[in-house]
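Hi everyone, thanks for making time this morning. I'd like to walk you through one model and how its pieces pack together. Have a look at it on the screen first.

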Amino acid sequence: MQAFLKFITQEWYFAIPLFLMSGSGITLVIWRILLNVNAKTKMNEFMPAFQQKLEKEGVDGAIRYCRAQQGMIPRKLLAAGLETSKQGLAAMRRAMANVIELEILPDLNFLLPPILALAKIATMVGLLLTVVSMINTFSAIQLAVESGAGGASGQSGAIGLALFATALGLVTAIPLVFAHVLFKSWIANFETEMKKRAQQLLVIIQAAKPGSGSSSTSSSPKVAPLDPSSFSPRK
């Protein structure tokens, strides 16, 4: 602990950049966590209420209900599907696939590139600062030997301090890489949930068509079984 405090006080020009990157990484991770929390919706509670709105107030009422929600699935995905429901199930499928690819996934990946970049940069900066510190230390050892003031024993503490830069860089990078992997896994699970709810909406609309009483919807041709892969965004 004393050695670490000595590193901060004596090698502060090395410690400050690493602490700044560490603080920035923590801020980005917390920001991303809050965005993920706001993107979620308790779908098991939402869907029954949504179906009641659709039955009582029709498509327009269901759209207003979805837009009033905080989560991405009802506010963006289901609302986009409902807005094109008069054009048929194929149009709904295309609209929801476009929303997933062009709006929701970019929002979910927001801040992930900076988090990964900070993780990689922190490691390299730590190594760079260690190398610079070691160069200065060996230069001091050479001058001490030439002047007869002593050898490497007098600079052994400085060598130990130089390694703190690498250690601090790794301490910054490891949690950021771990958080990045978890966020990517969360996005994959969220994408699966979106496909599931999109297909569920198509089934609900298809089941509601025969009893809608509208000539435009009742005359719509039957749709082939839905393929979940149709909601997969293009690579």
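So, let's start with the overall make-up: the protein chain has eight helices and zero strands. Read from the N terminus, the order of elements is simply α-α-α-α-α-α-α-α. Please keep in mind that this is a predicted model.

A few totals for the chain. It holds 235 residues, and 39% of them count as buried. The exposed surface comes to about 13,300 Å², with carbon and sulfur atoms supplying 64% of it. For contacts with a separation of 6 or more, 76% are between residues 24 or more positions apart.

Now to the helix pairs. Two packed helices are described by the angle between their axes and the distance between the axes. I'll use that for three pairs.

The first pair on my list is α2, residues 12-39, with α6, residues 112-147. How do their axes cross? They come within 10 Å, at roughly 165°. Angles over 145 degrees count as roughly antiparallel, so that is the label for α2 and α6. The crossing is left-handed. On the α2 side, the contact is made by F14, L18, M21, S24, G25, L28, V29 and R32. On the α6 side, you'll find L112, P114, I115, L118, I121, A122, V125, G126, L129, V132 and S133. That contact divides into 14 nonpolar residues, four polar and one charged.

Next, α3 and α4, which are residues 43-67 and 72-83. Their axes come within 11 Å and cross at roughly 40°, and α3 and α4 are therefore oblique to each other. The crossing here is right-handed. From α3, the contact takes in M43, F46, M47, F50, V59, A62, I63, C66 and R67. From α4, the partners are I73, P74, R75, K76, L78, A79, L82 and E83. What is the make-up of this contact? It has 13 nonpolar residues, no polar ones and four charged.

Helix α4 also packs against α5, residues 89-108, with the axes 7 Å apart and an angle of about 150°. This pair is therefore roughly antiparallel, and α4 passes α5 in a right-handed crossing. In α4, the residues involved are M72, K76, L77, A80 and G81. They meet M92, A95, M96, V99, I100, E103, I104, D107 and L108 in α5. The count for this contact is ten nonpolar, one polar and three charged. If you compare the two lists, K76 appears in the contact with α3 and in the contact with α5.

Let me finish with two single residues. L111 sits in the loop between α5 and α6. Is L111 buried or exposed? With a relative accessible area of 6%, L111 is buried. For those of you who check backbone torsions, phi of L111 is near 80°, a positive value in a residue other than glycine.

The other one is V171, in helix α7, which covers residues 156-208. V171 counts as exposed, because its relative accessibility is 56%. How far is V171 from A122? The two are 49 residues apart in sequence, and their C-alpha atoms are 8.9 Å apart in space. A122, you may remember, is one of the α6 residues in the contact with α2.

That's my tour, and I'm happy to go back to any of these views.

Technical notes
Residues numbered from 1 in each chain as written. Predicted model: local features only at pLDDT ≥ 70, side-chain atom pairs only at ≥ 80, totals over all residues. Heavy atoms only, no water. Axes fitted to C-alpha atoms, helices over the stretch in contact; angles between N-to-C directions. Helix = DSSP H or I, 4+ residues; strand = E, 2+ residues; numbered from the N terminus. Parallel < 35°, antiparallel > 145°, perpendicular 65-115°, else oblique. Left-handed = near helix turned anticlockwise from the far one by under 90°. Contact = heavy atoms within 4.5 Å. Nonpolar A, V, L, I, M, F, W, Y, C, P; charged D, E, K, R; others polar. Buried < 20%, exposed > 50% of the residue type's maximum accessible area, 1.4 Å probe, protein only. Areas by Shrake-Rupley, 256 points an atom, 1.4 Å probe, with all protein chains shown as cover.
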